[in-house]
Protein chains: 2
Amino acid sequence: MQGLTELLKGSLEGIVLQHISHGETYGYEITHYLIDLGFEDIVEGTVYTVLLRLEKKGLLTVERRKSTVGPQRKFYQLNAAGEAYLQDFWIKWDFLAQKMTQLKED
Amino acid sequence: MQGLTELLKGSLEGIVLQHISHGETYGYEITHYLIDLGFEDIVEGTVYTVLLRLEKKGLLTVERRKSTVGPQRKFYQLNAAGEAYLQDFWIKWDFLAQKMTQLKED
DNA sequence: ACCACTATATAGTAAAACAATGTAGTAGAA
DNA sequence: TTCTACTACATTGTTTTACTATATAGTGGT
């Protein structure tokens, strides 16, 4: 699906956090996961800016490790603040989604 | 609910269009409708910028009429382009919402 | 050597929502 | 009659976020 840019604003952060919460991962993998999920337009640059933002907010722990197939990978995991932030994100998302359904069915 | 700013980006346009599609209305009424709906943080300035944007995109027909309780009101209705745009919005929203549910339940 | 794939990063731009402020009309109270 | 509250629209400037384009770099195959 294309043209989701504006709708994704605000959601992408949560989407990335949620994916990381399933287990340690890194930018390149996340990018391809999102594209496979159906967010075709997502490019690497976007994911890396999200990750650096989340890191700057103190929501992730980071560890660089070698890869056998290319340059070093930067592995991310949620920390406690990240878990809390993610929970809060879902509360807001659920609120919005419920209101949207309500609006649509009026 | 507060702090929805970023999540609202991209959705607010659709929300406003959807509300207008229920019948002719104007900015001030829309603002208070949204606040009553639960989007507490929405202020008039935001709604007017959305309306002017939608108008500029050619999605609305506009008519100014007097009011007995204040200055003139600017009444909006969806035109054919607006209906099409709204339909497209819901397709994108449904896609996103479905993916979000999928992500969350993984 | 060259190319494809893997992997991270950043500078610049555009879009959208908010904050703050200004302008105006109506009506009721002091 | 002046002031206050409510109604109503609009604009300027700021922040946040995602995209575009580009740069850098490691690995492996031809």
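This text walks through a predicted model, from the fold of one chain to the pairing of two and then to four single residues.

Start with chain A. Chain A has five helices and three strands. Along the sequence they run α-α-β-α-α-β-β-α. Two helices thus open the pattern, and a helix closes it. Taken along the principal axes, the C-alpha atoms fill a box of roughly 55 × 30 × 20 Å.

Next, the packing of that chain. Chain A has 106 residues, and 42% of them are buried. Consider the contacts in chain A with a separation of 6 or more. Residues 24 or more positions apart account for 49% of these. The accessible surface of chain A is about 5,600 Å². Carbon and sulfur atoms hold 51% of that surface. Charge is present in both signs: chain A carries 12 positive and 15 negative charges. The mean positions of the two sets lie 8 Å apart.

Now bring in the second chain. Chain A superposes on chain B by a rotation of 180°, with 0.0 Å of shift along the axis and an RMSD of 0.0 Å. This is the relation of a two-fold axis. Which residue of chain A comes closest to that rotation axis? A:Lys9 does, with its C-alpha at 3.0 Å.

The contact itself draws on 32 residues from chain A and 32 residues from chain B. Of the interface residues of chain A, 100% are also interface residues in chain B, so the copies meet through the same surface. The size of an interface is often given as the accessible area lost when the parts come together. Here the area buried between chain A and chain B is about 3,200 Å². Carbon and sulfur atoms give 76% of this buried area. Three residues stand out on the chain A side: A:Leu7, A:Met100 and A:Leu103. They supply 21% of the area that chain A buries against chain B, more than any other three residues.

One of these three, A:Met100, deserves a closer look. A:Met100 sits in helix α5 of chain A, which spans residues 80–105. Is A:Met100 buried or exposed? Its relative accessible area is 0%, so A:Met100 is buried, the cut-off being under 20%. Leaving aside residues up to four places away in sequence, A:Met100 touches B:Ile15, B:Phe89, B:Trp90 and B:Trp93. These partners belong to chain B.

Turn to chain B for a second buried side chain. B:His19 lies in helix α2, residues 12–21. Its relative accessible area is 10%, so B:His19 also counts as buried. With residues up to four places away in sequence set aside, B:His19 touches B:Thr25, B:Glu29, B:Ile30 and B:Tyr33.

Two further residues of chain B are partly exposed. B:Val43 is in the loop between α3 (27–37) and α4 (44–56). It counts as partly exposed because its relative accessibility is 47%. B:Val43 and B:Tyr28 are 15 residues apart in sequence, and their C-alpha atoms are 9.8 Å apart in space.

B:Ala84 is found in helix α5 of chain B, residues 80–105. At 45% relative accessibility, B:Ala84 is partly exposed as well. The C-alpha atoms of B:Ala84 and B:Leu59 are separated by 8.9 Å, with their positions 25 residues apart along the chain counted as the distance apart.

Conventions. Residues are numbered from 1 along each chain as its sequence is written. Chains are lettered from A and ligands numbered from 1 in the order in which they are written. This is a predicted model: local features need pLDDT of at least 70, side-chain atom pairs count only at pLDDT 80 or more; totals for chains, interfaces and linings use all residues. Side-chain values use heavy atoms; hydrogens and water are left out. Helices (H or I, at least four residues) and strands (E, at least two) are DSSP runs, numbered from the N terminus. Buried means under 20% relative accessible area, exposed over 50%, partly exposed in between (1.4 Å probe, protein chains only). Contact means heavy atoms within 4.5 Å. Accessible areas come from the Shrake-Rupley method with a 1.4 Å probe; for residues, only the protein chains shown count as cover. Lys and Arg count as positive and Asp and Glu as negative; His and the chain ends are not counted. The place of a charge is taken as NZ of Lys, CZ of Arg, CG of Asp or CD of Glu. Copies are superposed by least squares on the C-alpha atoms of residues with pLDDT of at least 70 in both. Buried area is the accessible area (1.4 Å probe) that two parts lose on being put together, summed over both.
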